[in-house]
Amino acid sequence: MKKEFLIFSLLFLVFACQSSPEGSSGTSSTSSSEEVYPVPDKLCALTFDDGPDATLTPKVLDKLEKYNVVATFFMIGQKIGPSTKAVIDRITNMGCEIGNHSYGYDSLTGKTVDEIKTSVSNTSALIEQYTGEKPKFFRPPNLAVDNTVYMMLSICHL
């Protein structure tokens, strides 16, 4: 089960480093002194279900920064605070996205709509407080969903 969770949690999709086909709009305009890189035909989304953690997250960020890669960090609300502010600032300064992973680590299945809404809303409020932006994405803890979780997501429009 843990292996499957890891596979789904970290979407490591390798993308092609090939030029876009002729005639595609996959080019960027730059000054004559800059090298032009074609937009790849395939893209990937690299995501982490991350605390954030003041010790471990910077190690991940070091690797991402070394290879000039951005990712989305799905954060737990109870881990967002003054002790992780510097990490959160680094994530956003690198151009990474921050998503909502609920307030705690417990699965949301079996909870009421109000409990789920509170967990997600409180986490979104903390993300907005520490980043200045509302999260665009939500990933349920343990990827566990049921009809109540789906109903809540349709209400919250997250």
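Here are legends for a few views of this protein, which is a predicted model.

**View 1. The whole chain, five helices and three strands.** Starting at the N terminus, the elements follow the order α-β-α-β-α-β-α-α, which comes to five helices and three strands. Of the 158 residues in the protein, 32% are buried. Take the contacts with a separation of 6 or more: 73% of them involve residues 24 or more positions apart. The protein exposes about 10,200 Å², and carbon and sulfur atoms supply 56% of that area.

**View 2. Helix 1 and the N-terminal stretch, where confidence drops.** Across the protein the pLDDT averages 80, and 77% of the residues score at least 70. Which element has the lowest confidence, and which the highest? Helix 1 (residues 2-9) sits at the bottom with a mean of 34, while helix 3 tops the list at 98. The pLDDT stays below 50 over residues 1-31, and this stretch has 36 contacts in the model beyond near neighbours in sequence. Where pLDDT is low, predicted coordinates shouldn't be read in detail.

**View 3. Helix 2 and its two sides.** This close-up takes in residues 56-66, the span of helix 2. Thr57, Leu61 and Leu64 are the buried ones here. Looking down the axis of helix 2, the buried residues fall within an arc of 60 degrees, so they line one face of the helix. That spacing fits a general rule: an α-helix has 3.6 residues a turn, so residues three or four places apart point the same way. Turn to the other side of helix 2 and you meet Leu56, Lys59, Lys63 and Lys66, which are exposed.

**View 4. What helix 2 packs against, and what comes just after it.** What do the buried residues of helix 2 pack against? Their partners are strand 1 (47-50), strand 2 (72-75) and helix 3 (85-93). Keep following the chain and, just after helix 2, you get to Asn68, which takes a positive phi of about 55 degrees.

**View 5. Phe48 and Phe73, a stacked pair.** Search the whole structure and you find one aromatic pair. The rings of Phe48 and Phe73 are stacked, at 5.3 Å centre to centre and with 20 degrees between the planes. Why does this pair tie together parts that are apart in sequence? Phe48 belongs to strand 1 and Phe73 to strand 2, so the pair links parts that are 25 residues apart in sequence. Are Phe48 and Phe73 buried or exposed? Both are buried.

Conventions: Residues are numbered from 1 along each chain as its sequence is written. This is a predicted model: local features need pLDDT of at least 70, side-chain atom pairs count only at pLDDT 80 or more; totals for chains, interfaces and linings use all residues. Side-chain values use heavy atoms; hydrogens and water are left out. Buried means under 20% relative accessible area, exposed over 50%, partly exposed in between (1.4 Å probe, protein chains only). Helices (H or I, at least four residues) and strands (E, at least two) are DSSP runs, numbered from the N terminus. The arc is that of the directions from the helix axis to the C-beta atoms. Contact means heavy atoms within 4.5 Å. pLDDT is the predictor's confidence in each residue, from 0 to 100. Rings of Phe, Tyr and Trp (its six-membered ring) pair if their centres lie within 6.5 Å; planes under 30 degrees apart count as stacked, over 60 as edge-to-face and the rest as tilted. Accessible areas come from the Shrake-Rupley method with a 1.4 Å probe; for residues, only the protein chains shown count as cover.
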